[in-house]
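The exercises below are to be worked through with the sequence and the model side by side. Each task is followed by a solution in steps.

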Amino acid sequence: PASLEETRFKALQAAIQQDPRNAGNHAQLGNTYFDAEQWTNAIDAYERSLQLNPNDVDVSTDLGVSYFYANRADDALAQFGRSL
């Protein structure tokens, strides 16, 4: 598996702590986990981002892909349907 970019991860964690309602920071955290193939963590971050900004199609699609890689095919299909 890919490694987690520790510096980027820590910066995003700090940014989220300062502004927990910033959907973009949660999405970027999800992307960091995604790149490291940490699907469960990516799912959590993407879900938080979508709670704050439910109309972000890119995050919705990334969430669907993360569900797929986490062997949650039904969730992935449902999420792709929302993205469309």
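**Exercise 1.** What covers the buried residues of H2?

*Solution.* This is a predicted model, in which local features need pLDDT of at least 70 and side-chain atom pairs count only at pLDDT 80 or more, while totals for chains, interfaces and linings use all residues. Residues are numbered from 1 along each chain as its sequence is written, and side-chain values use heavy atoms, with hydrogens and water left out. Among the buried residues of H2 (under 20% relative accessible area, 1.4 Å probe, protein chains only) are Ala23, His26, Ala27 and Leu29. The cover over the buried residues of H2 includes helix H1 (6-18), H3 and helix H4 (57-69), where a helix is a DSSP run (H or I) of at least four residues, numbered from the N terminus.

**Exercise 2.** Find how the axes of H2 and H4 are arranged.

*Solution.* The two axes, lines fitted to C-alpha atoms over the stretch in contact, come within 11 Å and cross at roughly 30 degrees, on a scale from 0 to 180 degrees between N-to-C directions. H2 is therefore roughly parallel to H4, a term for angles under 35 degrees. The contact (heavy atoms within 4.5 Å) is made by Ala27, Asn31 and Phe34 of H2 with Val59, Asp62, Val65, Ser66 and Tyr69 of H4.

**Exercise 3.** Is Ser49 buried or exposed?

*Solution.* Ser49 is found in helix H3, residues 39-52. Because its relative accessible area is 1%, Ser49 is buried. Leaving aside residues up to four places away in sequence, Ser49 touches Ala23, His26, Ala27 and Val59.

Methods
Helices (H or I, at least four residues) and strands (E, at least two) are DSSP runs, numbered from the N terminus. Buried means under 20% relative accessible area, exposed over 50%, partly exposed in between (1.4 Å probe, protein chains only). Angles under 35 degrees count as roughly parallel, over 145 as roughly antiparallel, 65 to 115 as roughly perpendicular and the rest as oblique.
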